[in-house]
Amino acid sequence: MHTARIFYNRITFLYPVINYFLAGQRKVLIDEVNKYPSGKLLEIGVGTGSHLPLYKGHEITGIDISEAMLGKARRFEKNNIRLLLMDGENLSFPNAGFDYVVMSHVLAVAKDPNRLLEHVQRVLKPGGKLFILNHFTPDNGLKYIDRAFHPLSCIFHFKSLFRLSDIDGLRKFSLVKKTGLGKGSYYQLLIFSRP
Ligand SMILES: C[S@@+](CC[C@H](N)C(=O)[O-])C[C@H]1O[C@@H](n2cnc3c(N)ncnc32)[C@H](O)[C@@H]1O
């Protein structure tokens with residue numbers, strides 16, 4: 001049993017508030033995604049689906065391990081949007097089927113981020129783009145906050161100490177663009193290409 005699944009099933013009700021605070025970052029992410037030509041887009045950890053009405057022209061598949069989060073996202077389901085209960089660390093899609101993969105605040109939540117990235121690499125077409133929005137522990141004063149929070153991380157099901165340089169799975173991708181967001185660039189939007 002995925003413990004993150006139980007956790008997210010329980011905290012789904014908080015998402016209207018969380019979505020309000022993340023609205024600015026979401027706009028930056030979606031503006032970048034929408035600069036690319038229409039294609040097949042997979043959003044992993046789609047959550048309550050707050051990005052779904054904002055994508056333009058893409059054929060979207062959203063997956064999540066939490067049926068409660070997915071239940072909220074279902075209000076956006078229509079012809080070009082399908083939603084599936086699936087584990088991003090065990091994707092059942094064929095190889096090279098997607099032009100784009102989006103992960104917003106999911107990488108640091110995954111049990112094994114490298115395994116998740118292996119699956120992403122497998123399902124992305126060569127030249128396909130990966131969009132990651134996440135916090136990354138910076139090399140400034142904010143690292144002390146992440147360090148202080150670290151003992152509580154397992155309760156909240158995310159890795160508070162999360163350095164970009166420690167994620168080996170990202171070395172298989174080429175960095176296209178990096179945008180710092182928030183105070184001290186604590187949040188980053190990273191766009192990678194699958195070679
Ligand atoms: C922090 S929330 C972010 C939700 C949404 N992406 C957003 O930006 O608001 C993390 C989401 O990832 C989902 N999740 C966690 N691990 C997952 C996995 N291995 N596969 C798919 N979804 C996962 C959780 O159920 C939750 O909906």
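The questions below concern the nonpolar core, one helix and one surface patch of a predicted model.
Local features need pLDDT of at least 70 and side-chain atom pairs 80 or more, while totals for chains, interfaces and linings use all residues. Residues are numbered from 1 along each chain as its sequence is written, and side-chain values use heavy atoms, without hydrogens and water.

Me: Which helix gives the largest share of the largest nonpolar core?
Reply: A nonpolar core is a set of buried Ala, Val, Leu, Ile, Met, Phe, Trp, Tyr and Cys residues joined through side-chain atoms within 4.5 Å; buried means under 20% relative accessible area, exposed over 50%, partly exposed in between (1.4 Å probe, protein chains only). The core has 27 residues, and those touching the most other members include Leu-42, Ile-44 and Leu-117. S1, S4, H4, S5 and S7 each supply at least two residues; helices (H or I, at least four residues) and strands (E, at least two) are DSSP runs, numbered from the N terminus. The largest share, four residues, comes from H4.

Me: Within what arc do the buried residues of H4 fall?
Reply: In H4, the buried residues are Pro-113, Leu-116, Leu-117, His-119, Val-120 and Val-123. They line one face of the helix, because the directions from the helix axis to their C-beta atoms fall within an arc of 160 degrees.

Me: Against which strands do the buried residues of H4 pack?
Reply: Contact means heavy atoms within 4.5 Å. The buried residues of H4 pack against S1, S4 and S5.

Me: Is Phe-149 buried or partly exposed?
Reply: Phe-149 is found in helix H5, residues 142–149. At 30% relative accessibility, Phe-149 counts as partly exposed.
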